[in-house]
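Let's take a short walk through this model together. Have your viewer ready to select residues by number.

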Amino acid sequence: MPLMSDLMPMLALLLAIGAFAGVIAGLLGVGGGIVLVPAFYYAFTGLGYGGPDVMQVCLATSLATIIVTSIRSVLAHNRKGAVDWAILKGWAPGIAIGAVVGMLAVAQLRTPTLQAIFGALALLVAFYLGFGRTDWRLAPEMPKGGRRAVLSPSVGFLSVLMGIGGGSFGVPLMSLHGVPIHRAVATAAGFGVVIAVPSVAGFLLTEVTGAPPYTVGAVNLPAFVVIIAMTLITTPWGVKLAHAMDPKPLRRVFAVFLALVALNMLRKAAGW
C-alpha cells in the first residue's frame, strides 16, 4: 500500500494538470488529451514512475477521462441540435474498429516508440492549430464508400496512439469537407466517445510494469478522478475567457507550445 506521503506529490501535480487542461479545452476548443498525455508523462516520470510502459498509462488514462468529457460534451451539443447524427452513425463503426486496433498496437509498444509517434502526430496538430484556416476544403461533403472505409479507422487508430478524443483529427477532417465548424466540433465529441470506450475497455485488461500507485490495467485511477473533477471546474473558466478575448492569437501561441512539447517528446524518444 503506497504511503500518503508518496501519493500527495502526485495528487498535487494532477490537480495542476487538470486545471490547466480544463482551461485550455474551454479557451481554445482543443481536446484535453493533447495536454494530458505529455503532462502525465512528465508528472509520472518526475515522481519516479518511469517504467517501460509509462506511456501506455498516460495514453490509457487520458482516454479514460475522454469517456466522461466527451459524453458530457455530445449531450450538451445535442441539446442545441448541433450534432450531425448521420455523420456520426456512418463513421462510428470504422472509428471503433480503428480504436481497438490502436489499443492492441499500443499494448505491444514501449515508451520510446510511443513518444516518437505522439511527437510526430502532435507536430501535425500544432501545424493545423497554428496555420489552419476555416475556408480550406478538400471536398464539398464528407467521404463515403471506400474513402470512408479507409479514413474512419484511421481516425480511431491515430487518436488512440495519441491518447486523444475525436477533436484533433475529426474537426479538421469535417471542416475540410464542408461541415460547419460548430457542427464539426459537436460531432467530433461523439467521435471521442466511440474512440475512448472500446480502447479503455481493452486497456483495463492490459498488464503494465512500473505503473504509478492504484493503476488498474493501464488506467491510473487517481489521475482519472482528479482530472475529471478539475476539468469540470476549470473548463467553464476557459469558455468565459474565450468569450472575453480573441482566441485566435492564443491558438497560435498554444500551437508553438504544442510543437515544443512534441519536439521534446521526439528528443526523448531518440535518447538525447
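Keep in mind along the way that this is a predicted model.

**Stop 1: a patch on the surface.** Select Leu204, Leu205, Tyr214, Val216 and Leu221, and show them as a surface: together they make a nonpolar patch of about 470 Å². Now pick out Val216, which sits in strand β1. Is Val216 buried or exposed, or something in between? Its relative accessibility is 38%, so Val216 counts as partly exposed, because that class covers values between 20% and 50%.

**Stop 2: Thr206.** Next, move to Thr206, in the loop that runs between α8 (181–203) and β1 (215–216). Thr206 has a relative accessibility of 11% and therefore counts as buried, the cut-off being under 20%. Show its side chain as sticks: a polar atom there lies 3.1 Å from the backbone oxygen of Gly202. To see what else surrounds Thr206, select Gln56, Ala107, Gly217 and Ala218; these are its contacts once neighbours within four places in sequence are left aside.

**Stop 3: Ser152.** Finally, go to helix α6, residues 145–162, and select Ser152. Here the relative accessible area is 4%, so Ser152 is buried. Which backbone oxygen does the side chain of Ser152 reach? Add Arg148 to your selection: its backbone oxygen is 2.7 Å from the Ser152 side chain. Then bring in Trp91, Gly94 and Ile95, which Ser152 touches when residues up to four places away in sequence are not counted.

Definitions and conventions:
Residues numbered from 1 in each chain as written. Predicted model: local features only at pLDDT ≥ 70, side-chain atom pairs only at ≥ 80, totals over all residues. Heavy atoms only, no water. Helix = DSSP H or I, 4+ residues; strand = E, 2+ residues; numbered from the N terminus. Buried < 20%, exposed > 50% of the residue type's maximum accessible area, 1.4 Å probe, protein only. Polar contact = N/O pair within 3.5 Å; in protein donor to acceptor, adjacent residues only side chain to side chain. Contact = heavy atoms within 4.5 Å. Patch = residues over 30% accessible without salt bridge, like charges linked within 9 Å, V, L, I, M, F, W, Y side chains within 5 Å. Areas by Shrake-Rupley, 256 points an atom, 1.4 Å probe, with all protein chains shown as cover. Salt bridge = Lys/Arg side-chain N within 4 Å of Asp/Glu carboxyl O.
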